[in-house]
Amino acid sequence: MNQNDINNLRGKTAVVGLAESGCGIASGWSAMEIMANSVHDALDDAGIKLNEVDGVFAATAFHSMAAMSLSEYLGLKPKFADGSQIGGSSFLSHILTAALALDAGLINVAVVAYGSNQKSIGGFKTISEAMPYEAQYEPRMPVTAYALAAKRYMHEFGASREDLANVAVSARDWALLNPRAYTYDKGPLTIEDVLSARPIVDPLGKLDCCLVTDGGAAVVMTRSDRAKDTKNTPIYLLGAAMEHHHRMVSEMPDLVRTSAIDSSQRAFKMSSYKATDMDTIQLYDAFTINTLLFLEDLGFCKKGEAIALVKNNNIGPSGSLKVNTNGGGLSCVHPGMYGLFVTLEAIRQLRNSAGDNVGERLNGGWIDNAKLSVAHGNGGVLSSQVTNVWGVSETL
Amino acid sequence: MPEKLQGSVGPEQQFKNYLSEGKFMIQRCKSLDRFFFHPRVAFPGTGERDLEWVEASGIGTVHSTTCNRRLPEKGGDFNLSLITLDEGPRMMARVEGTEPDKVEIGQKVKARISSLNGEPAIIFDIL
């Protein structure tokens, strides 16, 4: 087998259930309780019993051995577990690993899960160690790293803070259509709101940065033969790939080109679709700069051209690109590791189009006739990049 | 000497020891004739182990820069930049001697060894 054979995972597995819980503020609930609650809700959604789960995948900022702690909490004895921690994109890599384990016959039912109560217990939570050769300068991680990338992007391509602000404005416009979003009732943002928000690390202000919320999520995966017989519309994993080039931002080879270039090329190749085939685009927008970089790196435009692409609310509900349709990490939810939420939104859009009831949205919040979604996860400081391509049965 | 470890201390401690002596040293791979930072036990990516320590010129260029906002009672705003050394490698550091939000990409800078929180630290000044 070689790189040309990677298509052998295409369409072999599917998500058959999903849930989120405790999003926003969940005072009085622990990270584990929120995560486990999400798993039970996702299994209920799938119509699969807990004791059928034999693969457990999890990461949090609260548990050094999350997959093992979650398995014990749930009362499971998994035959395969993976708690790989590569930051917020971990769950998209867990999905790839789960697909491999399912396809190999090691397991039959996988759950991928996450939970956080960071907001209730005092704010952004990380278990990252201090970075040697950086920590003594006291960078405000992760914001400083993204600010360094944003500043370099502005320098190389002539972008302004207004160009970054366009991303936050569009994200909020989507959130206003989504009753699940943390800012659903907070009203629209203007460019001026974003520019005048409290500066955090120049050039990023408070509204260039994601929300800080509680929340958990889970998805249930099976092989495609079984998925056909579950009660929901199965959403098939058509492509998946990961890549990372650095851990510390000072080691990032190019501040304006992420390894999403590589992960997305391979994920799209496996899927046999290209970026422009995607009906919905779910990108890990921890900061406004992320959306610009990932639109370019995933191939929606050339390097530097995202500046023009996001103008005039073109990635908002009235625009031509359906980007971060839940409101994103900027305006929907961000419990510290956002990866499962890009996944949930990518799949929910497809299930809604197929007729499943996955919640209410205001007019325009659900994308008509959506058959293909890309979910892209980012972890660390623009470090780990994982791309998943999802489709309904007719895209197989 | 500990089995299979070259030198009495690892490269991270060696780098810090040099800093304590007032020297900004970086590693060079002799067979590749290439410098790298941060310090490692082998050349990143290809693994060559024929390394030597060389005193850095200390001259570099601002690759990117930020002003980190901090309350005055906690020390006030401070600069944090990525500097590309003339030898090639890039590193994180602070640029001082100007307002923290007035540092610009492309400016030439020169290193000096100062201290942060009681530890020796490389700080850059605008040339």
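A cavity here is a set of grid points where a 1.4 Å probe fits but cannot get out, and its lining residues have an atom within 4 Å of a point. With that in hand, here are four close-ups of this predicted model.

**View 1. The second largest cavity, in the company of helix H5 of chain A.** About 40 Å³ of space lies inside the second largest cavity. Its lining is made of Val167(A), Ser170(A), Ala171(A), Trp174(A), Asp285(A), Thr291(A), Ile315(A), Val323(A) and Asn324(A). Helix H5 (residues 161–175) of chain A brings the largest share of that lining, four residues. By residue type, the lining splits into five nonpolar, three polar and one charged.

**View 2. The largest cavity, with helix H12 of chain A in its lining.** A search of the whole structure turns up four cavities of 30 Å³ or more, and the largest has a volume of about 60 Å³. Have a look at who lines the largest cavity: Glu20(A), Asn178(A), Arg180(A), Asn326(A), Cys332(A), Val333(A), Phe341(A), Leu344(A), Glu345(A), Arg348(A) and Arg361(A). Helix H12 (residues 339–354) of chain A gives the most to this lining, with four residues. Four of the lining residues are nonpolar, two are polar and five are charged.

**View 3. Where chain A meets chain B.** Chain A puts 26 residues into the contact, and chain B puts in 32. Together the two chains bury about 2,400 Å², with 55% of it on carbon and sulfur atoms. Three salt bridges are counted between chain A and chain B. In one salt bridge, the side chains of Glu251(A) and Arg40(B) come together at 2.8 Å, N to O. Across the interface there are also 14 residue pairs in polar contact, both residues at pLDDT 80 or more. On the side of chain A that touches chain B, helix H4 (143–157) and strand E5 (199–201) each supply at least two residues. H4(A) has the largest share of that side, six residues. The residues of this side of chain A divide into 15 nonpolar, four polar and seven charged.

**View 4. The second largest pocket, with Arg40(B) among the residues nearest its centre.** This pocket has a volume of about 430 Å³. Of its 16 lining residues, Gln6(B), Gly7(B), Pro11(B), Arg40(B) and Val41(B) lie nearest the centre. Helix H1 (11–20) and strand E3 (51–55) of chain B are the elements that give two or more residues to the lining. E3(B) provides the largest share, three residues. Overall, the pocket lining holds six nonpolar, six polar and four charged residues. Arg40(B) may look familiar from View 3, as the salt-bridge partner of Glu251(A).

Notes
Residues are numbered from 1 along each chain as its sequence is written. Chains are lettered from A and ligands numbered from 1 in the order in which they are written. This is a predicted model: local features need pLDDT of at least 70, side-chain atom pairs count only at pLDDT 80 or more; totals for chains, interfaces and linings use all residues. Side-chain values use heavy atoms; hydrogens and water are left out. On a 1 Å grid over the protein atoms alone, a cavity is a set of points where a 1.4 Å probe fits but cannot get out, and a pocket is an open set with protein on both sides within 12 Å along at least five of seven lines; lining residues have an atom within 4 Å of a point. Grid points are joined across faces, edges and corners, and a volume is the space filled by probe spheres set on the points. Ala, Val, Leu, Ile, Met, Phe, Trp, Tyr, Cys and Pro count as nonpolar, Asp, Glu, Lys and Arg as charged, and the others, Gly among them, as polar. Contact means heavy atoms within 4.5 Å. Buried area is the accessible area (1.4 Å probe) that two parts lose on being put together, summed over both. A salt bridge is a side-chain nitrogen of Lys or Arg within 4 Å of a carboxyl oxygen of Asp or Glu. A polar contact is a pair of N or O atoms within 3.5 Å; within protein, one must be able to donate a hydrogen and the other to accept it, and residues adjacent in sequence count only if both atoms are side-chain atoms.
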